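This report describes the fold and packing of a protein chain, working from individual residues outward to the whole. Please have the sequence and the coordinates to hand while reading.

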Amino acid sequence: MAQTKITLPKYTRAKRLKTGAVGYYWELPHWARPPAERGGVTCPVGNEALGDSLDAAITKAQILNDALDYWRSGVEGASQGFGILAIC
């Protein structure tokens, strides 16, 4: 059986779970972890388990990457542009 290579969003990794399923995780890069600040604000997102659904994991990772990029742009009060992420 041929394997299909899937490109995950940046800062996203796949890990084989004990059950045999694949779990997806989004990991904040080391350079963005506290005490790093942009515009006087620490990064509003952190490491997060994205679940075992590839489609949902990609959607969540893209939202987290958007929040990270917005914060990284150094806009004053950047963390106010994003609320709590809750995707079921």
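## Two residues of the helix

Gln 62 is partly exposed in this predicted model, because its relative accessible area of 43% falls between the 20% limit for buried residues and the 50% limit for exposed ones. Gln 62 belongs to helix H1, and its C-alpha atom is separated by 9.8 Å from that of Trp 26, a residue 36 places away along the chain.

Asn 65 is also found in helix H1, but Asn 65 counts as buried, since its relative accessibility of 5% is under the 20% limit. Once residues up to four places away in sequence are set aside, Asn 65 touches Pro 9, Lys 10, Tyr 11 and Trp 26.

## The helix and its buried side

Helix H1 runs from residue 54 to residue 72, and its 19 residues reach 26 Å from the first C-alpha to the last, close to the 27 Å expected at 1.5 Å a residue. The buried residues of H1 are Ala 57, Lys 60, Ala 61, Leu 64, Asn 65, Ala 67, Leu 68 and Trp 71. These buried residues lie on the same side of H1, because they cover an arc of only 160° around the axis. In an α-helix there are 3.6 residues a turn, so residues three or four places apart point the same way.

The partners of this buried set are strands: the buried residues of H1 pack against S1, S2, S3 (37-38), S4 (41-42) and S5. Just after H1, Gly 74 takes a positive phi of about 80°.

## Strand pairing

Strand S1 (residues 12-16) and strand S2 (residues 22-26) run antiparallel and are joined by 5 bridges, with Tyr 24 in S2 as the bridge partner of Ala 14. S1 and S2 form a hairpin that has 5 residues between the two strands, and in its turn Gly 20 has a positive phi of about 100°.

S2 also pairs with strand S5 (residues 48-51), again in an antiparallel arrangement, through 3 bridges. Tyr 24 takes part here too, with Gly 51 in S5 as its bridge partner.

## The nonpolar core

The largest nonpolar core has 15 residues, and those with the most contacts inside it are Trp 26, Leu 28, Cys 43, Val 45, Leu 50, Leu 68 and Trp 71. The elements that give two or more residues to this core are S2 and H1, and the largest share, 6 residues, comes from H1. In soluble globular proteins, nonpolar side chains tend to be buried together.

Leu 28 offers a view of the surroundings of one core residue: leaving aside neighbours within four places in sequence, Leu 28 is in contact with Arg 33, Cys 43, Val 45, Gly 46, Asn 47 and Leu 68. Of these partners, Cys 43, Val 45 and Leu 68 are among the residues with the most contacts inside the core.

## The chain as a whole

Read along the sequence, the protein chain follows the pattern β-β-β-β-β-α, with 5 strands and 1 helix in total. Among contacts between residues at least 6 apart in sequence, 51% join residues that are at least 24 apart.

Of the 88 residues in the protein chain, 26% are buried. The chain exposes about 6,000 Å², and carbon and sulfur atoms supply 52% of that area.

Technical notes:
Residues are numbered from 1 along each chain as its sequence is written. This is a predicted model: local features need pLDDT of at least 70, side-chain atom pairs count only at pLDDT 80 or more; totals for chains, interfaces and linings use all residues. Side-chain values use heavy atoms; hydrogens and water are left out. Helices (H or I, at least four residues) and strands (E, at least two) are DSSP runs, numbered from the N terminus. Buried means under 20% relative accessible area, exposed over 50%, partly exposed in between (1.4 Å probe, protein chains only). Contact means heavy atoms within 4.5 Å. Accessible areas come from the Shrake-Rupley method with a 1.4 Å probe; for residues, only the protein chains shown count as cover. Two strands pair if DSSP finds at least two bridges between them. The expected span of a helix is 1.5 Å times one less than its number of residues. The arc is that of the directions from the helix axis to the C-beta atoms. A nonpolar core is a set of buried Ala, Val, Leu, Ile, Met, Phe, Trp, Tyr and Cys residues joined through side-chain atoms within 4.5 Å.
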